[in-house]
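Open the model in your viewer, with cartoon on and side chains ready to be switched on as needed. We will go from stop to stop, selecting one piece at a time.

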Amino acid sequence: MFGVSPAVSNIVIMLVMMQVSRRLDLENPDILFYVRVIYGSLQALTFFVFFLTRLKINSKNDLTTLKYVEPANPMSGETAPRAVVTTVKEYDLKQIDTQIRGIFQSLAMMGFMHLYLKYTNPLVMQSISGIKGALESNIVQIHLFGAPATGDLKRPFKAAPGLLQALTGAGEIQTDKASVEKAEVSGAGGIKED
Amino acid sequence: MSLVNIIGNLFGSTPNQPKAYAQYGLDELNSMTFFERAKLQDWRLELVTLGFTGVFVILFFIGDFYNKSLVTGFLNGINDTLKQNFYQVGVSKDELYIKDSSENYSSYATGRDNISRVNIDIKLRPRHNIFVWFLEGVISFFTEAVKKPIDKVDIVIYPSFAYDNFISAIVSKLGMNDYRKFNYFLSLTKTSDSAKIPESFVFMSEGNEFQEKILTEKLLSSLDIQAANFIRYFAFTDQSTERPESIEGFAPLRRVVVSLQIPSSKKDYEQVCKLLESIFDIIDKLASKEISFKPESLKKVLKTRENEIEKVQKAMELEKQEIEAEEKAKLKREERDRIRNLSPAEQAKLEKKEQERKQKKLQKKQRVRM
């Protein structure tokens, strides 16, 4: 957005929204009502954006095969990296589902903070970041804005290195032919069903 | 407010009790008939409970009936093909299938050249239990631990003769990662796109030769782009579905697994029947050695098995070592506890002994050094 990296614009928006929430009289029930309505409708809009993207993915029905190697997740007791063999469509749908789960997660958090702890400030600050994150997400960029799926938008998407990744010592997704071919036939499947 | 009142309010009436049961005198109660006495109690909570139970029971029977109709529909759909091929279709002479539960059914066929038996397992959505069905549907969206309920049929065909071990499958692209995840034998194969099959399918096999020789004209004619919606995968395999944890688990169990979703139209059933027939044909060709494979390909297959067995052996050895180390630690701990429980005099004696031993060792060392 506007040629600024999302991390920078996030901080700017946060600072602005902090000032806004300071100047708003959140004790006033009218203002509180509008803040809630704005928050709710922006969340609904976010959901709608993802829903539209989902429709787009399904109508494109891109069955190109996509192979990559997921790093072992020590948290869930995996020892060896696991090959993923999927299609572009399925990969995209999975991304969208993760994003939609994110909405529900943030709704639950906000429900706890606002309804139980009675904080209103986060409601103001969080209202924009959801829809901003949605519009900036790779999957929406590709399908709604028609950005070509190359460079940073090449599937599988690279996850931004986070703190959790550093803590668990998880590696990166690999896409080179040699490691894919090795992991593909390594017999990592056969997990008991049910 | 009591629960009775809350429910009463829900139904739009305020509780109308001029006099509670306990407020009546003994004489008054005695003069009433049984029915009149029963009427004094507020029965709304009981009625609501009974109502819910009744609705649940009715829904159970509807779901159960629907599942059963799906099973009979499917088995009738492939019945002609099975009848043409097998002497016995169904679990016994007059039973076509066995109902294990409202969501699990199984059927069977036997009596054909080159095939010892066919097992048909049908697993359906839990329609009889609407709460479980709904909850599984919702929770499966949020976590991978719960799987989305679907209607699926697994047909496993066991040939009655021995042939070379290999794994070769044609898999629908819709959900292929899950199939690899839950089927050990598929995770031993290489996935490859091919222009020879509809683009909604891929080959998963241990070598080009296997997939090419298995793909007969008839098999190909049973597949089209739409078929990926109800054919999940079908695989020739000798390895197990679950990952073996012991070396015995690698013993070949040659079979053909056909996994389907319940087809919806008559055309789909025709394709499924064609698919089954073509698989029976391929099994005949394997028996008559019309389909056979080059030694190089088979060597590669053997190598894969050997590697996998080695992996399990290594894991087992590691486990053994761990157990041994644990046992050693346990013995040490017990010894320490034993000493701690001895009388102080005996403990002192032991300590002295220990010290003497240490000294002797030291002396020995010094002597060596000198």
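Start by selecting residues 152–159 of chain B, strand β5, and show the side chains. This is a predicted model, and the strand makes a good first stop. Which residues of β5(B) lie on its covered face, and which on the uncovered one? The covered face carries V153(B), I155(B), I157(B) and P159(B). Turn the strand over and you meet K152(B), D154(B), V156(B) and Y158(B) on the uncovered face. In a regular strand, side chains alternate between the two faces of the sheet.

Keep β5(B) selected and add its partners. Strand β4 of chain B, residues 115–123, runs antiparallel to β5(B) and is joined to it by 8 bridges. Pick out V118(B) in this pair: its bridge partner in β5(B) is I157(B). Next, add strand β10 of chain B, residues 255–261, which pairs with β5(B) in the antiparallel sense over 6 bridges. Here I157(B) stands opposite V256(B). I157(B) is thus a handy residue to centre on, with V118(B) as its bridge partner and V256(B) opposite in β10(B).

**Into the core**

V256(B) leads on to the next selection. The largest nonpolar core has 61 residues, and V256(B) is among those that touch the most other members, together with A169(B), V171(B), F234(B), A235(B) and I279(B). Helix α9 of chain B, residues 266–287, gives this core its largest share, 9 residues. Nonpolar side chains tend to be buried together in soluble globular proteins.

For a closer look, centre on A235(B). What does A235(B) touch, leaving aside residues up to four places away in sequence? Select I167(B), A169(B), F185(B), L186(B), V256(B) and V257(B) to see these neighbours. Apart from the core just visited lies another, of 7 residues, including F50(A), I57(A), A134(A) and I142(A); we will meet some of these names again in chain A.

**Along helix α9 of chain B**

Now select α9(B) from end to end. Its 22 residues reach 32 Å from the first C-alpha to the last, close to the 32 Å expected at 1.5 Å a residue. Colour the buried residues of α9(B), among them Y269(B), V272(B), L275(B), L276(B), I279(B), F280(B), I282(B), I283(B) and L286(B). Q271(B) and S278(B) are also buried. After the helix comes K289(B), with a positive phi near 65°.

**Stepping back to chain B**

Zoom out until chain B fills the window. It holds 11 helices and 10 strands. Along its principal axes the C-alpha trace spans about 115 × 90 × 40 Å. Chain B has a radius of gyration of 34 Å, whereas a compact globule of 370 residues would have one near 21 Å. Of those 370 residues, 25% count as buried.

**Across to chain A**

Where do the two chains meet? The contact takes 18 residues from chain A and 24 residues from chain B. On the chain A side, β1 (65–70), β2 (82–87) and α3 each supply at least two residues. The largest share, 4 residues, comes from β2(A). Colour this side of chain A by type and you will find 6 nonpolar, 6 polar and 6 charged residues.

Now show the whole of chain A, which has 7 helices and 2 strands. Following the chain from the N terminus, you pass the elements in the order α-α-β-β-α-α-α-α-α. Of its 194 residues, 20% count as buried.

**Two helices of chain A**

Select α2(A), residues 29–60. It has 32 residues and reaches 46 Å from first C-alpha to last, close to the 46 Å expected at 1.5 Å a residue. Its buried residues are V35(A), Y39(A), Q43(A), T46(A), F50(A), T53(A) and I57(A). These pack against α3 (88–116), α4 (121–136) and α5 (138–143) of chain A. Just after the helix, N61(A) takes a positive phi of about 50°.

Finish on α4(A), a helix of 16 residues that reaches 24 Å, close to the 22 Å expected at 1.5 Å a residue. Which of its residues are buried? Look for Q126(A), S127(A), G130(A) and A134(A). Add α2, α3 and α5 of chain A to the view, and you have elements that help to cover them. A134(A) also belongs to the core of 7 residues, along with F50(A) and I57(A) from α2(A).

Notes
Residues are numbered from 1 along each chain as its sequence is written. Chains are lettered from A and ligands numbered from 1 in the order in which they are written. This is a predicted model: local features need pLDDT of at least 70, side-chain atom pairs count only at pLDDT 80 or more; totals for chains, interfaces and linings use all residues. A nonpolar core is a set of buried Ala, Val, Leu, Ile, Met, Phe, Trp, Tyr and Cys residues joined through C-beta atoms within 7 Å. A residue is buried if 20 or more other C-beta atoms lie within 10 Å of its own, exposed if 12 or fewer, and partly exposed in between; C-beta atoms are placed from the backbone. Two residues are in contact if their C-beta atoms, placed from the backbone, lie within 7 Å. The radius of gyration is taken over C-alpha atoms; the globule rule is 2.2 Å times the number of residues to the power 0.38. Two strands pair if DSSP finds at least two bridges between them. The expected span of a helix is 1.5 Å times one less than its number of residues. Ala, Val, Leu, Ile, Met, Phe, Trp, Tyr, Cys and Pro count as nonpolar, Asp, Glu, Lys and Arg as charged, and the others, Gly among them, as polar.
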